[in-house]
Every structure is written in C-alpha cells, then in structure tokens.
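Visitor: I should like a close look at a single part of this model, namely a crossing of two helices. Please begin there and then set it in its surroundings.

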Amino acid sequence: MPQLGFLHGRAWAALLGQLRRPPGAVCIGAVHSHSQGTRDFSPQQMVVREKILDMVISCFKRHGAKRLDTPAFELKEMLTERYGEDSGLIYDLKDQGGELLSLRYDLTVPFARYLAMNKVKKMKRYHVGKVWRRESPTIAQGRYREFCQCDFDIAGHFDPMIPDAECLKIMCEILSGLQLGDFLIKVNDRRILDGIFAVCGVPESKFHAICSSVDKLDKMSWKDVRHEMVAKKGLAPEVADRIGDYVQCHGGVSLVEHMFQDPELCQNKQALEGLGDLKLLFDYLTLFGIAEKVSFDLSLARGLDYYTGVIYEAVLLQTPAQAEEETLNVGSVAAGGRYDGLVGMFDPRGHKVPCVGLSIGVERIFSIVEQRMKTFGQKIRTIETQVFVATPQKNFLRERLKLIAELWDAGIKAELMYKNNPKLLTQLHYCEDMAIPLVVIIGEQELKEGFIKLRSVASREEVAIKRENLVAEVQRRLS
C-alpha cells in the first residue's frame, strides 16, 4: 500500500482504525455537491468525518469541557447586529406564528445567549453542530452554506491570559494530532488594532469598516486592501499608508517588545493593555512548549464585530512540493479569540461574562484529508461487522438466527444474509469484500455434534469449537 504523504508515524493510522487496504473495500468517492452549497456524505466520507470529530472531541474532553447543544434557529433579533458586515449572510426563516427566526450563523452567539438566559457565570463547554451561511459557495476552498462547526469556549472571570493560552494549546494539540503538515497560529489583539487605527488618524466611526479591510490581507495584497480603504471606505491616503506601516509587521515576542518602544502607540491605553496581555500570553505559550508555533501578526483582524481582545487563526504552511501538487486552498483551519462583551448584550441588566474560545474548521480539514486519501488511493472500511453467521446448507435460517442473537446479546457486531438458503460462496465473498474478520459456520454435522466452525477470513483457516464456547472464543479472537 502506498504510504500516505500526510502520515507521520502511527497516529493517523491509529485514528482511522485499520488503514490496510481490505480486499474490495470501497475507495473514498468524489465530492458531489448540490448547487445550493450543501452536500451528501457517503458512508466512506462519514467514516473519515467521524474519526476526525472523535479526535477533536476527545481533546476538548481532555481539557475538561462539558458538551452543550442549542437550537438550529434563534430569534432573528438575537443574531442581527452581532456579526458586523457578515450579518447579510444570515439565513432568515418565515415562521407561521409570526416570529422572525433565523438559522444560527455560528455556535458562539447561541452560547452567549445561553449563558445570559440561564445566568451562568462560569463554564467550559464544547459544541459540535451545523451552522448555515448564505454565502456564494466555493467548494474548492471547502466553503459551504451548511457546515459543521466544533467550538470550545471558556466563560468566566479568571486571571488574564491563562484560558487564552489553553485555547491555543488545544489548537496545537488537535492540528498536531491530525497530522495535516506544518501549521502556524497567527495572534493579534483587537485593542492593539484599535490603538493603531486611533494613532494613525482613523475616525472611530470607521474602525469596524477598516478592520474588515485589514482582515482581507491574507487573501489580497496590501495595494488592493489600501485601495479598498481609500476608494470604497473614504479613508485619507496618508492615513492608509500609516496603517500599512503597522499591519505588514509580524514576528514573535520580540515584536511585542518592539511595539512597547513605539512612543505614539504607548500613549494609547487600549493598545498598551493589549501589548501587556500579549507579552503575558507568550510567556505562558513558552511554558506550554508551543511559542514557536505562534506568530504575532498585526494584519490579523478577524472580521466579526464581537471580538474584544486577543484573536487568533491557524493556517497550514505548504511545503514547496505541496504547493505544486495541491490545488486545494483552504485558508485557516482553526480560529477564535476573546469576546468579553457578547454575553452582556443578551442580559437585560448588561451583566458581562468574559469569554474566550476557538473553532476548529472541520469542513476544511475534512476537505484536505479527503483529497489526500483520494490522491493516494486510500481505501476505507465502511462497516464494523466482526462476525458473519453463515451456513453451507438449506433450511438453516432458524439456527443462524439463534446464533446471531447470541452474538448480538454479547455485544458482538454481527451480520447474516437475509435469505432462507444463501450459497456458501456468496456468503464468503461478502465477508472478503467487506473485510469482516470472522465467519461462524453451522450445518447439519455441526448441529448434530454440538460444534461450530469458526473461519478466519484473511487466512481461510477453520477450527471446530464447542457451541457453548462460541461467544468466549469470538471475544478472545477479537481482543
């Protein structure tokens, strides 16, 4: 079997169960997407999706998170005004009862609403669920109108930057575990950005608009972003140029130190707070052993309006070889940040609960894994059946049904053919095609003597065992 290019060691092999190629197991299929930006998932794709989600969720649980779920739709007024320029992408529903409802756009705003409604002051939660966005779907980039999100959030008043550092650690653990290749987490702080806008002379009313322009620097050149700021958003050219001097900088903790030396920026209280927190954050990231994976990047803006402090985004780094062979441009694969004001927006008294969180871009990760498995002709087993109950003779359906009930009752994954008198060869071929490890065979002779034949599908070896020892022997072999 060709070694998968993105596998290092055994971790991914363990993740996908048996990555040997079972005879006749089905190869992962092409993506057939609907015109409306949704998709069906074949059984092969679901196997991969489940393995990825299991790995993500087990990391969330390792860090002490509880699971939460919220309705697929919210009152429209709960969602609008929370997403800035992106509010136009919210799907509205007409409700017969007269209420204006919308499908949820992400899992963060429903979480904030939940905290406020239930007066929860402290919570570490994860949430896996579908969200909906009325985008023009670009399937090549892994963008859909309906997709799954995996979020982890820490809500509550704590000492600065400890929960934030843990969120970045979780991102690193998941991306390292999935072995998608080298990655980098870009970090910035909304307060530093706002401070930069202030000292550069951006009118406060334009902060959000200019912020969303800066957010496009990962997809557009500075020249194009500057043009958007000046021509479309009415910023003075010299102000745009001053912003450009800042937002094109990136580095590690040394850049944070360097910014502390900026006399103008240090006059700005917000920027100073942001820099102080980032310095502390890098200190904790060093203790966690992940500082080299994190870059302080002043171009990172995160378009959503609700962020108030530290923001971050993880991107995969392509090697030159990958850049030539791969056409899949997936952008960021995880992102998040601090949103201290969002819960207060839902609380009638405006009580604030500080929050920080992250979202894993499972759809984009899935697109990458799927494409690589296709490239390397990776085969996938779509069922987990361990034992097949077969017979070489006619009129043995009742005996097969009794046998399979015994196996099921013992928690063993078992199947039989839904025919009164199936051919033995057909039954054995099915087991080989589906990579079922064991076959239990019962016929006249076996029934008379109180024995059962147990056949290994891979080696085709058969042994006779006592009927009453069947379950114990199957369990022994499977373990």
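With which hand, left or right, does α6 pass α9?

Guide: The model is a predicted one. In it, α6 passes α9 in a right-handed crossing. Helix α6 covers residues 190-200 and helix α9 covers residues 237-247. Their axes come within 9 Å and cross at roughly 145 degrees. On the α6 side, the residues in contact are Leu 193, Ile 196, Phe 197, Val 199 and Cys 200. Across from them, α9 contributes Val 239, Arg 242, Ile 243, Tyr 246 and Val 247. A general rule of helix geometry is helpful in reading such lists: an α-helix has 3.6 residues a turn, so residues three or four places apart point the same way.

Helix α9 also meets α8 (222-232). The axes of α8 and α9 come within 10 Å, again at a crossing angle of roughly 145 degrees, and α8 passes α9 in a right-handed crossing. From α8, the contact draws on Trp 222, Arg 226, Met 229 and Val 230. From α9, it draws on Pro 237, Ala 240, Asp 241, Ile 243, Gly 244 and Val 247. Ile 243 and Val 247 of α9 therefore take part in the contact with α6 and in the contact with α8.

The neighbouring helix α7 (residues 207-214) belongs to this picture as well. Of its 8 residues, 6 are buried, so α7 is largely enclosed by the rest of the structure. The buried residues are Phe 207, Ile 210, Cys 211, Ser 212, Ser 213 and Val 214. Their cover includes α6, α8 and α9, which brings the helices of both crossings together around α7.

From the helices one may turn to the sheet. An open sheet of 9 strands runs in the order β2-β6-β7-β13-β12-β11-β8-β10-β9, with mixed pairing. The edges are formed by β2 (66-67) and β9 (250-251); each has a single partner strand, so one side of each is left without a neighbour in the sheet. The pairing of β2 with strand β6 (residues 123-132) is parallel and consists of 2 bridges. Within it, Lys 66 stands opposite Arg 125 of β6. Helix α4 (residues 108-117) packs on this sheet, where it touches β6, β7 (146-155) and β13 (355-360). The direction of α4 makes about 135 degrees with that of β6.

Arg 125 has a further contact to note, since it lies over the face of Phe 111, at 4.2 Å from the ring centre. A second arrangement of this kind involves Arg 133, whose charged end sits over the ring of Tyr 105, 3.9 Å from its centre. Among rings themselves, Phe 60, Tyr 126 and Phe 152 form one aromatic cluster.

The aromatic pairs number 7. One of them joins Phe 388 and Tyr 430; it is tilted, with 5.6 Å from centre to centre and 50 degrees between the planes. Phe 388 lies in strand β15 (residues 387-390) and Tyr 430 in helix α16 (residues 424-433), so the pair ties together parts that are 42 residues apart in sequence. Phe 388 is buried, at a relative accessible area of 1%, whereas Tyr 430 is partly exposed at 24%.

Strand β15 leads on to another set of pairings. It runs parallel to β17, and 4 bridges join the two; Ala 390 stands opposite Ile 441 of β17. Strand β17 (residues 438-441) sends Leu 438 and Val 440 one way and Val 439 and Ile 441 the other way, and all are buried. Such a pattern accords with a general rule: in a regular strand the side chains alternate between the two faces of the sheet. Strand β18 (residues 451-456) is joined to β17 by 4 bridges in the antiparallel sense, and here Leu 438 stands opposite Ser 456.

Finally, two loop residues merit attention for their backbone angles. In general, most residues other than glycine have a negative phi. Met 161, in the loop between β7 and α5 (162-178), has a positive phi of about 70 degrees. Arg 460, in the loop between β18 and β19 (462-466), has a positive phi near 65 degrees. Their surroundings contrast: Met 161 is buried at 3% relative accessibility, whereas Arg 460 is exposed, with a relative accessible area of 52%.

How values were computed:
Residues are numbered from 1 along each chain as its sequence is written. This is a predicted model: local features need pLDDT of at least 70, side-chain atom pairs count only at pLDDT 80 or more; totals for chains, interfaces and linings use all residues. Side-chain values use heavy atoms; hydrogens and water are left out. Two strands pair if DSSP finds at least two bridges between them. Contact means heavy atoms within 4.5 Å. Axes are lines fitted to C-alpha atoms, for helices over the stretch in contact, and angles run from 0 to 180 degrees between N-to-C directions. Rings of Phe, Tyr and Trp (its six-membered ring) pair if their centres lie within 6.5 Å; planes under 30 degrees apart count as stacked, over 60 as edge-to-face and the rest as tilted. Buried means under 20% relative accessible area, exposed over 50%, partly exposed in between (1.4 Å probe, protein chains only). A charge sits over a ring if NZ of Lys or CZ of Arg is within 6 Å of the ring centre and within 35 degrees of the ring normal. A crossing is left-handed if the near helix is turned anticlockwise from the far one by less than a right angle, and right-handed if clockwise.
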